[in-house]
Amino acid sequence: MAVMDSGSALGGGGRHAIRSWLPNIGFDARASAERSLILAAAFVRLTAVIQSALSLPMIMKAADTPLATLLIALAFIAESTLVTVAAAIRGTVPPGRQALLDAGFGLFILVHPAIWWTSGHVGSWSQWQFAAGMSVACYVALSVNRPIQIAILSVSSAVAYLIGTLAPPTESEVQSAFVNTVAFLCLVPAVFIVATYLRSLARHLNRARELNARLATDAAIAEERAAQRIVLHDTAGFLAMLGENADPDLDRILRAQAQSMSRELRRRVYTTNDQSRERTLHEIVAATTAAYGDLPLAINTLLANERPLTTDAQATTASALRTLLDNIRQHANAGAVTIHATASDHEWALVVRDDGVGFDATAPMGFGLTEQVVGQCQLLGIEVTIDSEPGEGAVIELRGSGSTFASPPATDVVDN
């Protein structure tokens, strides 16, 4: 026999329904602020309704006109419940005309003891209209847009309370009644101030979110354009080299590199997600330098064969190394090119050194060094150091931190 968990049976749909109504700051801050205000005001209003309903027998006992008092109390309970439920369904504060009618009903509740009561009874259950009128005034304050309107609401509520409480006045009740009016003069404007602040904060939050979304879109577009420029730059440079080359041996190497570039471009076009395996710096250097057999390369990367790099670090490092080797091939006229790589638990380094013609490292550099090497590496936090002088060759170092490793360092396990 299957046993159903009543808690989960009741909680699944119920919790989902509640969550769907409660403020969701990730969707619309302004709507969330309105719902938060409605939720807080509804609790205050319904608390007054519950208090009035529970104290109704005592109110009837103390009232001078029980029937009139009963009808007014029941009208307050019914009207408050209806207004609160309607606002909860609508998700916004009451509209202007409804708020005006609600405010008028609240003023009537405050002033009605002057009509049907023979004494104020301040401090007794007969003064239920204070809590009822206060909850109505605070609720209506959410629909007010101007300070002059909130001033009229708070002052008129205070005056109505005094009229209803002090008709006819007794000496012992005057002081208490005037003290109670401070709540109308302070609490109702406070509700207006808090509501105005929350709405303003929500508007600014929505604007900030929209701005962030536009900036993120612009950044993504700029990043994509930068990637396209890099591909176009590499392709244009390679095609120029292929067209100008007259060396048959180099021609075979360039054609093999062209096939490799074609496969890479096709992979980028037809692959929606990068499924390449994790590679170490040693493997990246080996795969990249395979297309540069015409250069006098001396490679030492055995100390960089332990820790694999992240996918982004692999692509950036390989692209930077290709750019450096292309520059050496086209411009350096080097007799020796050394590539040295090391990796520890917390960082790695790749150094490319040539004895070619060199260049002025303090002068503006071309697109390859500026964008493909320095710019792309900086996006991942990879430091680039360029040391070169005319006639002295060049030394370029890439240094990455532990954040570019694909996995944490292995820890030794001590067998006790």
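**Entry 1. Burial and overall make-up.** I looked up burial first and found that 35% of the 416 residues of the protein chain count as buried. I note here that the model is a predicted one. For secondary structure, I recorded 13 helices and five strands in the protein chain. I then turned to contacts with a separation of 6 or more: residues 24 or more positions apart account for 73% of them in the protein chain.

**Entry 2. Aromatic pairs.** I searched for paired rings and found three aromatic pairs in the structure. I examined F130 and F184, whose ring centres are 5.5 Å apart; their planes stand at 85°, over the 60 degrees required, so I entered the pair as edge-to-face. This pair links distant parts of the chain, since F130 lies in helix α7 (residues 129-141) and F184 in helix α9 (residues 171-244), 54 residues apart. I also checked how accessible each partner is. F130 has 24% relative accessibility and therefore counts as partly exposed, whereas F184, with a relative accessible area of 0%, is buried. Finally, I noted that F130 and F184 form one aromatic cluster together with Y161.

**Entry 3. Helices α5 and α8.** I asked how the axes of helix α5 and helix α8 are placed. Helix α5 covers residues 96-111 and helix α8 residues 147-165; their axes come within 7 Å and cross at roughly 25°. That angle is under 35 degrees, so I describe α5 as roughly parallel to α8. On the α5 side, I listed A103, L107, L110 and V111 as making the contact. On the α8 side, I listed L153, S156, S157, A160, Y161, I163 and G164. Sorting the residues of this contact by character, I obtained eight nonpolar, three polar and no charged. I note that Y161 enters twice in this notebook, as a contact residue of α8 and as a member of the aromatic cluster.

**Entry 4. Charges over rings.** I next looked for charged ends placed over aromatic rings. The charged end of R45 sits over the ring of Y139, at 5.2 Å from the ring centre. I found a further case in R307, whose charged end sits over the ring of F405, 4.0 Å from its centre.

**Entry 5. Residue T47.** Is T47 buried, exposed or partly exposed? I located T47 in helix α2 (residues 29-54). Its relative accessibility is 42%, between the limits of 20% and 50%, so T47 counts as partly exposed. I also looked up the separation of T47 from S135, which is 88 residues away along the chain; their C-alpha atoms are separated by 8.6 Å.

Note on methods
Residues are numbered from 1 along each chain as its sequence is written. This is a predicted model: local features need pLDDT of at least 70, side-chain atom pairs count only at pLDDT 80 or more; totals for chains, interfaces and linings use all residues. Side-chain values use heavy atoms; hydrogens and water are left out. Rings of Phe, Tyr and Trp (its six-membered ring) pair if their centres lie within 6.5 Å; planes under 30 degrees apart count as stacked, over 60 as edge-to-face and the rest as tilted. Helices (H or I, at least four residues) and strands (E, at least two) are DSSP runs, numbered from the N terminus. Buried means under 20% relative accessible area, exposed over 50%, partly exposed in between (1.4 Å probe, protein chains only). A charge sits over a ring if NZ of Lys or CZ of Arg is within 6 Å of the ring centre and within 35 degrees of the ring normal. Axes are lines fitted to C-alpha atoms, for helices over the stretch in contact, and angles run from 0 to 180 degrees between N-to-C directions. Angles under 35 degrees count as roughly parallel, over 145 as roughly antiparallel, 65 to 115 as roughly perpendicular and the rest as oblique. Contact means heavy atoms within 4.5 Å. Ala, Val, Leu, Ile, Met, Phe, Trp, Tyr, Cys and Pro count as nonpolar, Asp, Glu, Lys and Arg as charged, and the others, Gly among them, as polar.
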